[in-house]
Each structure stands twice: as structure tokens, then as C-alpha cells.
Amino acid sequence: MNDMRVPVLVEHAPSPSAPASPARRASPPSASGPRIAAVRCALPPHRYAQHELTGPIGDLCLSPGADRALLHRVHASAGVGTRHLALPIERYARLGDFGRSNDAWLETGLALGEEALSGALREAGLAPADVDLLVFASITGVAAPSLDARLAGRMGLRPDVKRIPLFGLGCVAGAAGLARVHDHLRGHPDDTAVLLTVELCSLTLQRGDSSRANLVAGALFGDGAAALVARGGNTDGGSSGSGSDAVAPAAGPRVVATRSHLYPGTERLLGWEIGAAGFRVVIDAGVPDIVRGHFGRHLRAFLAEHELTVDDIGTWICHPGGPRILSAVSETLGLSEDALDCSRRSLAAVGNMSSVSVLHILEGIRARRAPEPGTWGLLLAMGPGFCSELVLLRW
């Protein structure tokens with residue numbers, strides 16, 4: 001991995017002769033905006049404790065006899081207790097080239113995607129034919145036709161279902177995908193939309209690559225899929241879906257507003273270098289500095305447009321990028337010690353599952369005791385670009 005310096009971000013101000021831009025005003029929250037009706041995750045059956053993976057991953061990435069001190073430090077400090085892998089760990093040494101890894105992504109991804117999507121629709125009291133929009137996100141494999149197109153026929157989605165396959169967003173895609181679902185449902189309030197994310201991060205591990213970035217990825221990332229069902233505001237009076245005769249209004253939060261932000265000059269901080277061996281991870285150590293220096297200011301400005309402050313947010317759903325990222329978010333926002341506990345629990349239980357993680361956290365919140373009605377929530381993530389996505393929720 002190339003040695004990179006953290007770029008200095010320059011805020012673009014208007015020239016002295018240019019008139020000041022009017023302040024952006026938030027639209028008032030709609031009482032009948034899109035609502036999250038269900039979230040369901042699917043995890044591969046191959047579950048390992050972190051200490052069980054340290055040796056085998058070292059065998060894959062390091063040359064025989066190499067010093068493993070860094071490997072052990074990275075695994076011990078990742079904040080991960082257990083992870084699920086797409087394949088049994090002993091099969092990774094036999095994957096060979098990128099083509100075989102991608103074949104495994106497609107086969108396992110289809111199975112997990114179907115499990116997550118069918119479970120979420122069942123929870124929402126809907127059938128596959130009730131889905132009007134399917135947004136699909138993954139950054140750990142590629143296929144054309146895309147995985148969502150293959151699932152449509154396999155699961156019985158309507159031939160006229162709208163599809164938006166997303167690639168390149170990485171960890172931020174869970175939040176960005178939900179934001180795009182919100183955009184669609186604001187304009188189509190009678191529709192039902194689904195966000196499906198499938199991330200098999202273990203299949204991108206580079207064999208024979210002893211770089212720090214590859215070792216960090218091997219210590220941090222896990223595999224899984226998640227599906228979220230959201231319904232437009234006109235569907236709250238009941239269900240016209242074919243999956244149930246009568247469905248009560250969904251108890252999940254409404255999506256009130258969203259915000260996307262790109263940070264200029266940071267394109268090399270996070271992402272992939274794509275070559276003959278597949279996806280080689282790029283993780284720059286300067287990401288937490290960008291979070292501390294800029295992310296908090298943009299988040300507070302977004303909340304202020306809705307006459308809210310950080311203290312008004314009762315539920316935080318923050319992508320668990322790793323312990324250093326969570327600490328940077330907590331510090332820059334001045335959060336209480338337990339504000340990001342849901343993120344830390346998710347990281348410990350399943351690792352960083354890229355775009356799946358924020359949906360895994362949201363599922364966990366729904367499975368426990370839901371926040372009190374009226375509680376504000378903020379779902380947030382960061383990813384390649386370098387970029388951030390904010391999704392304002394209200395229960």
C-alpha cells in the first residue's frame with residue numbers, strides 16, 4: 001500500500017464579489033413520510049472466535065517464518081469477538097484466483113440475499129410481488145446480470161420491479177441505500193421499497209499480502225447480508241400487500257431526512273486497488289483525523305437545519321468501522337460513553353460487515369426494546385470517496 005498523507009481539506013468559500021448563498025432550509029418533517037417496516041440479517045453458518053482465525057489468516061497472508069507480532073496486535077485490538085465467514089476457513093487457501101473468489105461471492109451471496117429478503121418481507125407481512133423498488137448494494141463481488149436481477153426471478157418479484165444496483169459505496173452503502181429508498185418513497189408514497197446489502201468481505205482477503213491494510217482487513221471484517229423493507233406514507237392505514245390479509249401499521253421509525261457529503265481531496269483514503277488478484281483493500285490511517293476535523297461540523301449543521309442538536313438524538317446507529325473510528329465519532333460529537341454501545345456490540349459479535357453493519361445494528365435495536373415514540377435517531381456511515389451519509393430517523 002502506498003504511503004499517503006492525510007489531505008488538507010479546504011472549504012470552498014464564495015469570492016468577495018459573489019453574493020452569499022442563501023442558507024439551506026430543511027423541509028418540515030412529514031407525518032406521513034416513509035417508514036421502516038422490517039429489517040432482517042442473514043449470516044453464514046461458519047462462525048469463528050477471533051483467536052481461532054488469527055493463525056489461519058497469518059498462514060494466508062504472511063510468508064513462512066515471518067514475524068507475527070503485528071498480526072497478533074491487530075487481531076487483539078480490533079474489538080471483534082466472533083465473525084461469520086462465507087466459507088470454512090480452510091477453504092480460503094484453495095480459492096486461487098479472483099474468478100474463483102467471485103464465483104463463491106455469487107453462490108453464497110444469492111443464498112444469503114434470499115434468506116435476508118424473504119425474512120424481511122415475512123416480518124413486514126408482505127410477499128415478493130409487493131415490492132416496487134429493489135436497491136441492491138455490494139462492494140465485495142461483481143456480476144452482470146447483477147445479484148438483484150438473479151434474485152428477482154428466483155424469488156418471484158414482479159417483472160416490472162424497479163432495480164437500482166449500487167457498487168463502489170462500500171461501508172457507507174447501508175446508509176446511502178436507505179437514503180435513496182427514502183428519496184423514492186417521498187415521490188411514490190404508495191410504494192414498497194427494499195434495500196438489500198450483501199457483503200462477503202472475507203473473499204477479498206489477499207493471499208500473500210503482508211501489508212498493514214490487508215492485516216487490518218483480515219482482523220476486522222466479517223460476512224453477512226441484510227434486507228430492509230420501507231413503505232411509503234400512504235401505506236400506513238393498513239396493507240394492500242398479498243402477503244397477509246391484514247397487517248397493522250409498521251412500528252419502525254420514519255425516515256425524516258438525509259444528507260450526503262463528499263470530502264474533496266480524500267479519494268485515496270479508502271477503497272480498493274483492483275488488479276489481477278481482485279480487490280486489494282486501501283485503508284489509510286488518517287481516516288479518524290478526517291472524522292475529528294470535519295465530520296462533526298457537518299453533522300451538527302445537518303441537525304441544526306431541523307432545529308436539533310446532538311443532545312436531541314436518543315438513538316445512535318453508527319457504522320462500526322473499527323475502534324478508532326468509533327472513538328473519533330464519539331470524541332468529535334461529545335457523546336456519552338454508552339451512546340455507541342450498539343455499534344460496539346455489533347462489531348464484537350460479527351465484525352465490520354461493510355454496508356450490512358448499520359442494518360445489523362438497527363435489527364438489534366428493533367429486536368430489543370424499541371425506543372419510545374418521539375425518539376430521534378441518527379443512522380450514519382462513512383465510506384470511499386471519502387464520504388459520509390446521515391439518515392435522520394424518528395420513532
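Student: Which way do the residues of E4 point, and are they buried or exposed?

Tutor: Leu-133, Val-135 and Ala-137 point one way, Leu-134 and Phe-136 the other, and all of them are buried. Keep in mind that this is a predicted model. The pattern fits the general rule that side chains in a regular strand alternate between the two faces of the sheet.

Student: Why is strand E4 called mostly covered?

Tutor: Buried means under 20% relative accessible area, and 5 of the 5 residues in E4 (residues 133-137) are buried. Over the protein chain, buried residues make up 57% of the 395 residues.

Student: How do you know that E4 pairs with E5?

Tutor: Pairing takes at least two bridges between the strands. E4 and E5 (residues 162-166) share 5 bridges and run parallel, so they count as a pair. Ala-137 stands opposite Leu-166 there.

Student: What makes E4 and E6 a pair?

Tutor: The test is again at least two bridges. E4 and E6 (residues 192-200) have 5, in the parallel sense, so they pass. In this case Phe-136 stands opposite Leu-196.

Student: What kind of unit do E4, H4 and E5 make, and why is it called right-handed?

Tutor: They make a right-handed β-α-β unit, with helix H4 covering residues 147-155. The name applies because, with the strands pointing away from you, the path from the first strand over the helix to the second runs clockwise.

Student: Back to Leu-196: which residues of E4 is Leu-196 in contact with?

Tutor: Contact means heavy atoms within 4.5 Å. Leaving aside neighbours within four places in sequence, the contacts of Leu-196 include Leu-134, Val-135, Phe-136 and Ala-137. Leu-147, Leu-151, Gly-113 and Ala-226 are also among them.

Student: Which residues touch the most other members of the largest nonpolar core?

Tutor: Of its 46 residues, Tyr-92, Trp-105, Leu-196, Leu-203 and Val-229 do. E4, H4 and E6 are among the elements that each supply at least two residues of this core, and the largest share, 10 residues, comes from H3.

Student: What makes Ala-137 eligible for a nonpolar core, and which core includes Ala-137?

Tutor: A core is built from buried residues of listed types, alanine among them, joined through side-chain atoms within 4.5 Å. Ala-137 is buried, and belongs to a second, separate core of 36 residues that also includes Ala-179, Leu-362 and Trp-395.

Definitions and conventions
Residues numbered from 1 in each chain as written. Predicted model: local features only at pLDDT ≥ 70, side-chain atom pairs only at ≥ 80, totals over all residues. Heavy atoms only, no water. Buried < 20%, exposed > 50% of the residue type's maximum accessible area, 1.4 Å probe, protein only. Helix = DSSP H or I, 4+ residues; strand = E, 2+ residues; numbered from the N terminus.
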